[in-house]
Amino acid sequence: MMTTSPTPPTLISPSILNCDFGHLASELDKISNADYVHVDIMDNHFVPNLALGMPIFESAVKYSQLPIDAHLMIENPDTWAPVYAEAGARSVTFHAEACAAPLRLARELRKKGTRAGLALKPATGIEPYIDILNEFDMILIMTVEPGFGGQSFIDTMMPKITRTRKAIEAAGLDVWIQVDGGISRDTIERAAEAGANNFVAGSAVYKAEDAFTEIETLRSLANRAHKH
Ligand code: DX5
Ligand code: ZN
(Lines give C-alpha, C1' and ligand atoms only; values in the text may rest on other atoms or scores of the structure.)
(Ligands and ions follow the chains in the order given, each with its own letter.)
Protein backbone atom coordinates (compact mmCIF):
# COMPACT_ATOMS: atom_id res chain seq x y z
CA MET A 1 0.00 0.00 0.00
CA MET A 2 1.31 3.46 -0.90
CA THR A 3 1.25 5.97 1.95
CA THR A 4 1.97 9.68 1.65
CA SER A 5 3.41 12.00 4.26
CA PRO A 6 1.58 15.26 4.94
CA THR A 7 3.49 18.41 3.93
CA PRO A 8 5.26 19.52 7.11
CA PRO A 9 4.63 23.10 8.28
CA THR A 10 7.40 25.72 8.19
CA LEU A 11 8.13 26.58 11.82
CA ILE A 12 10.45 29.18 13.31
CA SER A 13 11.62 28.40 16.85
CA PRO A 14 13.85 31.12 18.30
CA SER A 15 16.32 29.98 20.97
CA ILE A 16 16.37 32.19 24.06
CA LEU A 17 19.86 30.99 25.05
CA ASN A 18 21.37 34.39 24.31
CA CYS A 19 18.46 36.63 25.22
CA ASP A 20 18.57 39.12 28.09
CA PHE A 21 17.42 37.04 31.07
CA GLY A 22 17.02 40.17 33.14
CA HIS A 23 14.03 40.96 30.95
CA LEU A 24 12.78 37.51 30.07
CA ALA A 25 9.10 38.48 29.73
CA SER A 26 9.80 41.30 27.26
CA GLU A 27 12.38 39.18 25.41
CA LEU A 28 9.61 36.62 24.90
CA ASP A 29 7.19 39.33 23.74
CA LYS A 30 9.65 40.27 20.98
CA ILE A 31 9.17 36.87 19.33
CA SER A 32 5.39 36.62 19.56
CA ASN A 33 5.13 35.85 15.83
CA ALA A 34 7.28 32.70 16.18
CA ASP A 35 5.85 29.18 16.30
CA TYR A 36 7.69 27.79 19.31
CA VAL A 37 10.12 29.08 21.94
CA HIS A 38 13.24 26.88 21.96
CA VAL A 39 14.70 26.49 25.46
CA ASP A 40 18.18 24.95 25.70
CA ILE A 41 18.96 23.01 28.87
CA MET A 42 22.67 22.20 29.42
CA ASP A 43 24.24 20.31 32.33
CA ASN A 44 28.00 20.83 31.81
CA HIS A 45 28.39 17.05 31.39
CA PHE A 46 26.74 16.19 28.09
CA VAL A 47 27.97 19.54 26.73
CA PRO A 48 30.77 21.77 28.07
CA ASN A 49 28.40 24.51 29.16
CA LEU A 50 25.98 25.07 32.00
CA ALA A 51 22.86 26.92 30.93
CA LEU A 52 19.29 27.27 32.07
CA GLY A 53 17.43 24.76 34.15
CA MET A 54 14.05 24.31 35.76
CA PRO A 55 13.52 27.81 37.28
CA ILE A 56 14.12 29.64 33.97
CA PHE A 57 12.23 26.95 32.12
CA GLU A 58 9.21 27.45 34.37
CA SER A 59 9.39 31.21 33.85
CA ALA A 60 9.44 30.71 30.08
CA VAL A 61 6.33 28.52 30.35
CA LYS A 62 4.67 31.13 32.52
CA TYR A 63 5.50 34.23 30.47
CA SER A 64 5.31 32.89 26.91
CA GLN A 65 2.12 32.80 24.86
CA LEU A 66 3.84 30.31 22.56
CA PRO A 67 4.38 26.59 23.07
CA ILE A 68 7.73 25.62 24.55
CA ASP A 69 10.21 23.36 22.79
CA ALA A 70 12.71 21.97 25.33
CA HIS A 71 16.09 20.87 23.95
CA LEU A 72 17.78 18.77 26.61
CA MET A 73 21.56 18.67 26.25
CA ILE A 74 21.94 16.66 29.42
CA GLU A 75 23.01 13.24 30.68
CA ASN A 76 20.28 10.89 31.82
CA PRO A 77 17.34 12.30 29.83
CA ASP A 78 15.52 9.06 30.68
CA THR A 79 14.93 10.55 34.13
CA TRP A 80 14.72 14.24 33.30
CA ALA A 81 12.75 14.49 30.05
CA PRO A 82 9.43 13.50 31.70
CA VAL A 83 10.01 16.20 34.33
CA TYR A 84 10.20 18.87 31.58
CA ALA A 85 7.07 17.43 29.98
CA GLU A 86 5.24 17.75 33.30
CA ALA A 87 6.54 21.30 33.71
CA GLY A 88 4.67 22.34 30.57
CA ALA A 89 6.82 21.66 27.48
CA ARG A 90 4.77 21.05 24.33
CA SER A 91 7.77 19.27 22.85
CA VAL A 92 10.74 17.63 24.56
CA THR A 93 13.84 16.70 22.55
CA PHE A 94 16.54 14.50 24.07
CA HIS A 95 19.87 13.41 22.62
CA ALA A 96 20.30 9.93 21.17
CA GLU A 97 23.90 9.88 22.49
CA ALA A 98 22.77 10.39 26.10
CA CYS A 99 19.66 8.23 26.22
CA ALA A 100 19.62 4.67 27.53
CA ALA A 101 16.27 3.72 25.98
CA PRO A 102 15.10 6.23 23.32
CA LEU A 103 12.05 4.24 22.30
CA ARG A 104 10.82 3.78 25.86
CA LEU A 105 11.40 7.47 26.63
CA ALA A 106 9.60 8.66 23.47
CA ARG A 107 6.61 6.52 24.40
CA GLU A 108 6.61 7.89 27.93
CA LEU A 109 6.64 11.49 26.64
CA ARG A 110 3.85 10.87 24.16
CA LYS A 111 1.78 9.22 26.89
CA LYS A 112 2.01 12.52 28.75
CA GLY A 113 0.68 14.34 25.68
CA THR A 114 4.08 15.86 24.81
CA ARG A 115 5.72 15.73 21.40
CA ALA A 116 8.82 13.53 21.47
CA GLY A 117 11.99 14.67 19.67
CA LEU A 118 15.24 12.80 19.06
CA ALA A 119 18.38 14.91 18.62
CA LEU A 120 21.51 13.84 16.75
CA LYS A 121 24.94 15.47 17.19
CA PRO A 122 26.84 16.07 13.95
CA ALA A 123 28.75 12.77 14.15
CA THR A 124 25.67 10.66 14.93
CA GLY A 125 23.92 9.03 11.97
CA ILE A 126 20.19 8.65 11.41
CA GLU A 127 20.60 5.04 10.22
CA PRO A 128 20.18 3.25 13.60
CA TYR A 129 16.85 5.06 14.04
CA ILE A 130 15.33 4.59 10.57
CA ASP A 131 13.12 1.68 11.61
CA ILE A 132 11.75 3.49 14.67
CA LEU A 133 11.04 6.92 13.13
CA ASN A 134 7.36 6.34 13.82
CA GLU A 135 8.12 6.56 17.56
CA PHE A 136 9.07 10.25 17.27
CA ASP A 137 7.32 13.50 16.36
CA MET A 138 10.54 15.28 15.44
CA ILE A 139 14.17 14.56 14.59
CA LEU A 140 16.59 17.35 15.51
CA ILE A 141 19.63 17.33 13.26
CA MET A 142 22.25 19.52 14.93
CA THR A 143 24.02 21.83 12.50
CA VAL A 144 26.69 22.70 15.11
CA GLU A 145 28.24 20.75 17.97
CA PRO A 146 25.76 21.41 20.78
CA GLY A 147 26.79 23.64 23.67
CA PHE A 148 26.93 27.25 22.54
CA GLY A 149 25.05 29.80 20.49
CA GLY A 150 26.71 31.81 17.75
CA GLN A 151 28.65 28.99 16.06
CA SER A 152 28.95 28.47 12.29
CA PHE A 153 26.48 26.27 10.41
CA ILE A 154 27.95 22.90 9.36
CA ASP A 155 27.04 22.45 5.71
CA THR A 156 28.01 18.78 5.61
CA MET A 157 24.88 17.96 7.63
CA MET A 158 22.67 18.55 4.56
CA PRO A 159 22.85 14.95 3.23
CA LYS A 160 21.77 13.64 6.66
CA ILE A 161 18.72 15.91 6.53
CA THR A 162 17.86 14.71 3.04
CA ARG A 163 18.27 11.03 3.98
CA THR A 164 16.03 11.56 7.00
CA ARG A 165 13.33 13.35 4.97
CA LYS A 166 13.39 10.56 2.37
CA ALA A 167 13.01 7.89 5.05
CA ILE A 168 10.10 9.78 6.64
CA GLU A 169 8.38 10.08 3.27
CA ALA A 170 9.05 6.47 2.34
CA ALA A 171 7.33 5.38 5.55
CA GLY A 172 4.43 7.83 5.05
CA LEU A 173 5.07 9.45 8.44
CA ASP A 174 4.32 12.91 9.83
CA VAL A 175 7.65 13.62 11.51
CA TRP A 176 9.19 17.09 11.63
CA ILE A 177 12.87 17.74 10.97
CA GLN A 178 14.37 20.49 13.09
CA VAL A 179 17.76 22.09 12.51
CA ASP A 180 19.61 23.93 15.26
CA GLY A 181 22.87 25.88 15.09
CA GLY A 182 23.99 28.69 12.81
CA ILE A 183 20.56 29.18 11.21
CA SER A 184 20.33 32.65 9.65
CA ARG A 185 19.29 34.43 6.44
CA ASP A 186 22.44 32.95 4.89
CA THR A 187 21.79 29.31 5.75
CA ILE A 188 18.07 28.71 6.24
CA GLU A 189 17.32 28.13 2.55
CA ARG A 190 19.93 25.37 2.27
CA ALA A 191 18.50 23.60 5.31
CA ALA A 192 14.95 23.97 3.95
CA GLU A 193 15.94 22.66 0.52
CA ALA A 194 17.58 19.65 2.18
CA GLY A 195 14.28 18.82 3.91
CA ALA A 196 14.15 20.62 7.28
CA ASN A 197 10.89 22.30 8.30
CA ASN A 198 11.53 23.50 11.87
CA PHE A 199 14.26 26.11 12.26
CA VAL A 200 15.88 27.09 15.54
CA ALA A 201 17.57 30.48 15.38
CA GLY A 202 19.24 32.03 18.41
CA SER A 203 21.68 34.80 17.59
CA ALA A 204 20.08 35.51 14.20
CA VAL A 205 16.85 36.51 15.97
CA TYR A 206 18.14 38.05 19.20
CA LYS A 207 21.02 39.98 17.61
CA ALA A 208 18.78 41.36 14.87
CA GLU A 209 17.66 44.97 15.12
CA ASP A 210 14.07 43.79 15.15
CA ALA A 211 13.40 40.18 16.19
CA PHE A 212 9.82 40.22 14.86
CA THR A 213 10.91 41.23 11.35
CA GLU A 214 13.78 38.76 11.39
CA ILE A 215 11.38 35.91 12.14
CA GLU A 216 9.16 36.96 9.21
CA THR A 217 12.19 37.10 6.92
CA LEU A 218 13.45 33.69 8.00
CA ARG A 219 9.99 32.17 7.53
CA SER A 220 9.56 33.56 4.03
CA LEU A 221 13.05 32.43 2.98
CA ALA A 222 12.27 28.90 4.20
CA ASN A 223 8.87 28.88 2.51
CA ARG A 224 10.40 30.03 -0.76
CA ALA A 225 13.04 27.31 -0.57
CA HIS A 226 10.40 24.65 0.14
CA LYS A 227 8.52 25.62 -3.04
CA HIS A 228 11.57 24.93 -5.20
C1 DX5 B 1 23.34 25.15 20.76
C2 DX5 B 1 21.87 25.30 21.05
C3 DX5 B 1 21.19 26.23 20.14
C4 DX5 B 1 21.69 27.65 20.15
C5 DX5 B 1 21.56 28.14 18.75
O6 DX5 B 1 23.84 24.03 21.31
O7 DX5 B 1 21.22 24.05 20.98
O8 DX5 B 1 19.77 26.18 20.28
O9 DX5 B 1 21.03 28.54 21.01
O10 DX5 B 1 22.16 29.37 18.63
P11 DX5 B 1 22.57 29.98 17.21
O12 DX5 B 1 21.31 30.12 16.41
O13 DX5 B 1 23.18 31.28 17.58
O14 DX5 B 1 23.53 29.04 16.56
ZN1 ZN C 1 19.02 24.04 20.92
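So, the pocket: the space taken by ligand 1 is the second largest one. By pocket I mean, on a 1 Å grid over the protein atoms alone, an open set of points with protein on both sides within 12 Å along at least five of seven lines, and a molecule sits in one if more than half of its atoms lie within 2 Å of its grid points.

Quick housekeeping: this is a predicted model, with local features needing pLDDT of at least 70 and side-chain atom pairs pLDDT 80 or more, while totals for chains, interfaces and linings use all residues. Residues count from 1 along each chain as written, chains are lettered from A and ligands numbered from 1 in written order, and side-chain values use heavy atoms, with hydrogens and water left out.

Who's around the ligand? Ligand 1 has 19 residues surrounding it, S15, G147, D180, G202 and S203 being the closest; that's a heavy atom within 4 Å. By class, the shell has seven nonpolar, ten polar and two charged residues, with Gly filed under polar.

Now polar contacts, meaning N or O pairs within 3.5 Å. S15 brings a polar side-chain atom to 2.8 Å from a ligand 1 oxygen. With G150, a backbone N or O atom is 2.8 Å from an oxygen of ligand 1, and with G202 a backbone N or O atom is at 2.7 Å from one. How much of the ligand does the protein bury? Taken alone, ligand 1 exposes 380 Å², and 99% of that gets buried, going by Shrake-Rupley with a 1.4 Å probe.

Note on methods: Polar contact = N/O pair within 3.5 Å; in protein donor to acceptor, adjacent residues only side chain to side chain. 1 Å grid on protein atoms, 1.4 Å probe; cavity = no way out; pocket = protein on both sides within 12 Å on 5 of 7 lines; lining within 4 Å.
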